[in-house]
Amino acid sequence: VRVLEEARALECAGHRVVICTYNMGRDLPGVEIVRVPRAIPQYGPADLALTPRKLLVKVGLDIALLATALRVARAVRADCLHAHLDDGAFLGLVLSRLLRTPMIYDCQGSYTATLIGDGSLRPRSLTVPPSRRAL
C-alpha cells in the first residue's frame with residue numbers, strides 16, 4: 001500500500017514511475033510494474049527463517065532484480081531511484097553508482113528486528129548489537 005500510494009502521488013506530480021520488483025505479487029491497474037522473470041525460483045511467505053535454500057534463492061532474485069532495474073532505468077532514463085526496504089537500499093545503491101543517478105531510500109523499520117522476528121538471529125545473540133549499529 002505504501003509503495004502504491006507513493007507511486008500515485010509522484011505520478012500526480014507529473015513523474016513517470018516504474019516499479020521494478022520480484023516475480024511475486026499481483027499487478028495493479030494503472031501502475032507500471034516490471035517484474036523479474038518468472039523462471040527465477042521464489043520462496044513463499046511461509047519461508048520466514050533464513051535457510052541455505054532461501055539464501056540462494058534470494059541472491060538469485062536480487063541479481064535478477066538488479067539486472068531488470070538496470071535495464072528499465074536505462075530505458076526510461078531515470079532521473080531518480082527510489083529504493084524500499086533493506087534489499088532495495090543495497091540494490092539501489094549499486095544502481096545509483098552505476099547510473100550516476102541520485103537515490104532516495106525509504107527506510108521502513110529495522111533490518112535487525114526483521115532478522116530477529118523471522119528467527120534468523122536470536123535476540124540475545126552477540127551479533128545483534130553490532131548489526132544494529134551497522135544496519
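**Elements**

I take helices (H or I, at least four residues) and strands (E, at least two) as DSSP runs, numbered from the N terminus. The model I am reading is predicted. I went through the protein chain and found five helices and four strands. From the N terminus on, I read their order as α-β-β-α-β-α-β-α-α. Next I looked up burial for the whole chain. Of its 135 residues, 29% count as buried. I also looked up contacts with a separation of 6 or more. Residues 24 or more positions apart account for 36% of these.

**Leu10 in H1**

I stopped at helix H1, residues 2–12, which holds Leu10. Leu10 has a relative accessible area of 33%, so I note it as partly exposed. I then left aside its neighbours within four places in sequence. Leu10 is still in contact with His15, Val17 and His82.

**Helix H2**

I moved on to H2, which has 25 residues. From its first C-alpha to its last I get 36 Å, close to the 36 Å expected at 1.5 Å a residue.

I listed the buried residues. In the N-to-C direction they begin with Lys54, Val57, Lys58, Leu61, Asp62 and Ala64. The list goes on with Leu65, Thr68, Ala69, Leu70, Val72 and Ala73. I note that Lys54, Lys58 and Asp62 are among the buried residues.

What do the buried residues of H2 pack against? I find strand E1 (18–21), strand E2 (32–35), E3 and H3.

I keep a general point in mind for such lists. An α-helix has 3.6 residues a turn, so residues three or four places apart point the same way.

**Two residues of H2**

I picked Leu61, which has its place in helix H2. Is Leu61 buried or exposed? Its relative accessibility is 0%, and buried means under 20%, so Leu61 counts as buried. I then checked its distance to Asn23. The two are 38 residues apart in sequence, and their C-alpha atoms are 8.4 Å apart in space.

I picked Arg74 next, also placed in helix H2. Its relative accessible area is 55%, and the cut-off for exposed is over 50%, so I log Arg74 as exposed. I paired Arg74 with Leu99, 25 residues away along the chain. Their C-alpha atoms are separated by 7.9 Å.

**Helix H3**

I gave H3 the same treatment. It has 15 residues and reaches 20 Å from its first C-alpha to its last. The span expected at 1.5 Å a residue is 21 Å, and I note that the model comes close to it.

Which residues of H3 are buried? I find Gly88, Ala89, Leu91, Gly92, Leu95 and Ser96. The buried residues of H3 pack against H2, strand E3 (81–84) and strand E4 (103–106).

**H2 against H3**

I looked up the geometry of this pair. The axes of H2 (residues 52–76) and H3 (residues 85–99) come within 10 Å. They cross at roughly 40 degrees. H2 and H3 are therefore oblique to each other. I logged the handedness too: H2 passes H3 in a right-handed crossing.

Then I listed who meets whom. From H2 I have Lys58, Asp62, Leu65, Leu66, Ala69, Leu70, Ala73 and Arg74. From H3 I have Asp87, Leu91, Val94, Leu95, Leu98 and Leu99. By class, I find 10 nonpolar, no polar and four charged residues in this contact. Arg74 and Leu99, the pair I logged at 7.9 Å between C-alpha atoms, both belong to this contact.

**After the helices**

I checked phi just past H2 and H3. Most residues other than glycine have a negative phi, and most peptide bonds are trans.

Just after H2 I come to Arg77. Its phi is positive, about 55 degrees, although Arg77 is not a glycine. Arg77 sits in the loop between H2 and E3. With 73% relative accessibility, Arg77 counts as exposed.

H3 is followed by Arg100. Phi of Arg100 is near 55 degrees, again a positive value in a residue other than glycine. I place Arg100 in the loop between H3 and E4. With 78% relative accessibility, Arg100 counts as exposed.

How values were computed: Residues are numbered from 1 along each chain as its sequence is written. This is a predicted model: local features need pLDDT of at least 70, side-chain atom pairs count only at pLDDT 80 or more; totals for chains, interfaces and linings use all residues. Side-chain values use heavy atoms; hydrogens and water are left out. Axes are lines fitted to C-alpha atoms, for helices over the stretch in contact, and angles run from 0 to 180 degrees between N-to-C directions. Angles under 35 degrees count as roughly parallel, over 145 as roughly antiparallel, 65 to 115 as roughly perpendicular and the rest as oblique. A crossing is left-handed if the near helix is turned anticlockwise from the far one by less than a right angle, and right-handed if clockwise. Contact means heavy atoms within 4.5 Å. Ala, Val, Leu, Ile, Met, Phe, Trp, Tyr, Cys and Pro count as nonpolar, Asp, Glu, Lys and Arg as charged, and the others, Gly among them, as polar. The expected span of a helix is 1.5 Å times one less than its number of residues. Buried means under 20% relative accessible area, exposed over 50%, partly exposed in between (1.4 Å probe, protein chains only).
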